[in-house]
Each structure stands twice: as C-alpha cells, then as structure tokens.
Amino acid sequence: MIEQKYILDANVFITSKNSYYDPQFHPGFWKFLDLGINNGTFILHRRVYEELRKGRDELSQRAALWEPKVKSPSPEEMTKYKEVCTYTVSQPQWERKVDAFLDGADPWLVAHASINGSTIVTLEKTDIDANCKSPKLPAVARKFGLDCTLLLESASLSSS
C-alpha cells in the first residue's frame, strides 16, 4: 500500500501560528506537524521553507529544525513548474495579479504534487466566481487534476 503524502502550503504554518494554533497554547498541533514532517508524511517544499525562514520568530526557528527534511525541486518538477506558470499567465482574468502568485510557493506546490501524487493542504479557499481577479492555489491545482484540501477540513490527516 502506498502511503499518502501531503504537501503543506506556507499559510498552514503562518496562519496557524498567528491564530488558532498558537504554539504556546496548542503544542500538540506543532508536535503533529513535527512528526509528519520528520516521518515524510508531510512534505515541506524548499519554497515554503524559505517563506517560513524569512521571519525571525518562533516559526522561523522551528522551520530551521525541519531543514534536513526540506524537499528541493527535481528536474521533472522544474519542467512541470514551467507548465504551471504558462497556464497561469495565459488566464486573462488573472493578468494583474499573476505576479504575486508566481513569486510565491504556490506554483511549486502544484508542480511537486503533479509529479509526486501528493495532496496539497492549504487554508486558501477557491473563489467560485469565474471573474476572480487572482489565481488561487486550489483552482490551479484543480486544473492539473490534483487533490487540494483545506487544513480545517482534513481531519483524516491525523489518522494517516
């Protein structure tokens, strides 16, 4: 049986730390992340890691401990990344907001999940409005046939 892998968006860490899973009050959540990253169930992509390390706070320090488990892009992933970027810039409704999407980790998460069969975990919801002016991770993931789940809806992760 192949074990499911989950690639985590930076907002899972950042928003969790700043709101409902403050490490001081919810250390179990952070131990859960530590365990998942260390055993390979949760994937920490190099671009997400870089975003987490930008701050000089408790999250940055915790991320430094995960550094040995960080996944750098493979050559196949780099090729898929170009495909994700090409698709994203080809969408006229996103023309003015596409740079922010491409500058972050999101297209790398889509590329990695496409190559490795991972499920993307995020806090970002898809805007169902067809006129949405910015690319959203779940919408782009769906275009590439990927599973994308919201952290708060993915209780099944804990039973993995």
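Which side chains does a polar contact of 3.3 Å join? Hi everyone, let's start there. The answer is Lys17 and Asp57. Please keep in mind that we are looking at a predicted model.

Let's place Lys17 before going on. Lys17 sits in helix α1, which covers residues 10-18. With a relative accessible area of 18%, Lys17 counts as buried, because buried means under 20%. If we set aside the neighbours within four places in sequence, the contacts of Lys17 are Asp22, Pro23, Trp30, Asp57 and Leu59.

Now back to Asp57. Its side chain forms a salt bridge with that of Lys17, at 3.3 Å from N to O. This pair links distant parts of the chain: Asp57 is in the loop between α3 (46-54) and α4 (58-66), Lys17 is in helix α1, and they are 40 residues apart. Asp57 is partly exposed, at 26% relative accessible area.

How many salt bridges are there in total? The count comes to 5, and I'd like to show you two others. Arg62 and Asp34 meet through their side chains in a salt bridge of 2.7 Å, N to O. Arg62 lies in helix α4 and Asp34 in helix α2 (residues 27-39), so this pair ties together parts that are 28 residues apart in sequence.

The other one joins Glu50 and Arg47, whose closest N and O atoms are 3.6 Å apart. Both residues lie in helix α3, 3 residues apart, or about one turn of the helix. Glu50 is partly exposed at 37% relative accessibility, and Arg47 is partly exposed too, at 24%.

Thanks for listening!

Conventions. Residues numbered from 1 in each chain as written. Predicted model: local features only at pLDDT ≥ 70, side-chain atom pairs only at ≥ 80, totals over all residues. Heavy atoms only, no water. Helix = DSSP H or I, 4+ residues; strand = E, 2+ residues; numbered from the N terminus. Buried < 20%, exposed > 50% of the residue type's maximum accessible area, 1.4 Å probe, protein only. Polar contact = N/O pair within 3.5 Å; in protein donor to acceptor, adjacent residues only side chain to side chain. Contact = heavy atoms within 4.5 Å. Salt bridge = Lys/Arg side-chain N within 4 Å of Asp/Glu carboxyl O.
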